[in-house]
Amino acid sequence: MKLLVVLGTRPEAIKLAPLVLAARARPEFQVTVCLTGQHADMCASVLDLFGIVADVDLAVMRPGQTLTAVTVSVLEAMRPLLERERPDWLLVQGDTTSAFVAALAAQARLLEQHVAPADARGARDARDLLLERQAHGLLGQASRQLRRPVALGLGRHRSEEHTSELQSPYVIS
């Protein structure tokens, strides 16, 4: 079984290192450790303590980079990694940008495998499903309410000039 462990911060490294060691000790697991570079120095020092050498370093950080830029950089770097490694499981920990974006990239990859590129309706359905999964993860129980926007009075967008149906039920205005 192929495991891809993605981490980028010191707390992630502390919590995932024992799992990496345990999995690498078992012959049925092929473990790839990927650093995003989010907190490169702090993460590397923790991995050194455990004797873990990363297999991949995305090295996404740049001076003065915004959180949005980090997010985009990790997302862009994850796609070729997921295509190359084709893991059976992605292992992330916590609520960091690295964990969120790695999970997002893996979900998008899974959805892409089930949608023909020329199928515009299927691609939109895949995006809707991905958005719903993210909304559920971010909003928990509240995401159930997002599935019923009209019943909640959220199905229409009103402005002084016009009233129109929302294209996506996940937009709340």
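# Reading a predicted model

Q: What span is expected of the 19 residues of helix H3, and how far apart are its end C-alpha atoms?
A: The expected span of a helix is 1.5 Å times one less than its number of residues. For H3 (residues 67-85) this gives 27 Å, and the end C-alpha atoms lie 26 Å apart, which agrees. Helices (H or I, at least four residues) and strands (E, at least two) are DSSP runs, numbered from the N terminus. This is a predicted model, in which local features need pLDDT (the predictor's confidence in each residue, from 0 to 100) of at least 70, side-chain atom pairs count only at pLDDT 80 or more, and totals for chains, interfaces and linings use all residues. Residues are numbered from 1 along each chain as its sequence is written, and side-chain values use heavy atoms, with hydrogens and water left out.

Q: Where does H3 bend, and which of its residues are buried?
A: A bend is the angle between axes fitted to the seven residues ending at a residue and the seven starting there. H3 bends by about 25° at Met78, with a proline, Pro80, following within four residues. An α-helix has 3.6 residues a turn, so residues three or four places apart point the same way. The buried residues (under 20% relative accessible area, with a 1.4 Å probe and protein chains only; exposed is over 50%, partly exposed in between) of H3 are Val70, Val74, Met78, Leu81, Leu82 and Glu85. After H3 comes Arg86, whose phi is positive, near 45°.

Q: Is Ser98 buried or exposed, and what does its side chain join in a polar contact?
A: A polar contact is a pair of N or O atoms within 3.5 Å; within protein, one must be able to donate a hydrogen and the other to accept it, and residues adjacent in sequence count only if both atoms are side-chain atoms. Ser98, in helix H4 (residues 97-113), is buried with a relative accessible area of 0%, and its side chain joins that of Gln38 at 2.6 Å.

Q: How many residues of S2 are buried, and in which sense does S2 pair with S1?
A: Of the 6 residues of S2, 5 are buried, so S2 is largely enclosed by the rest of the structure. S1 and S2 pair (DSSP finds at least two bridges between paired strands) in the parallel sense over 6 bridges, and Leu4 stands opposite Thr32 in S2.

Q: Which element has the lowest mean pLDDT?
A: Where pLDDT is low, the predicted coordinates should not be read in detail. Strand S6 (residues 163-165) has the lowest mean among the elements, 39, and strand S2 (residues 30-35) the highest, 95.
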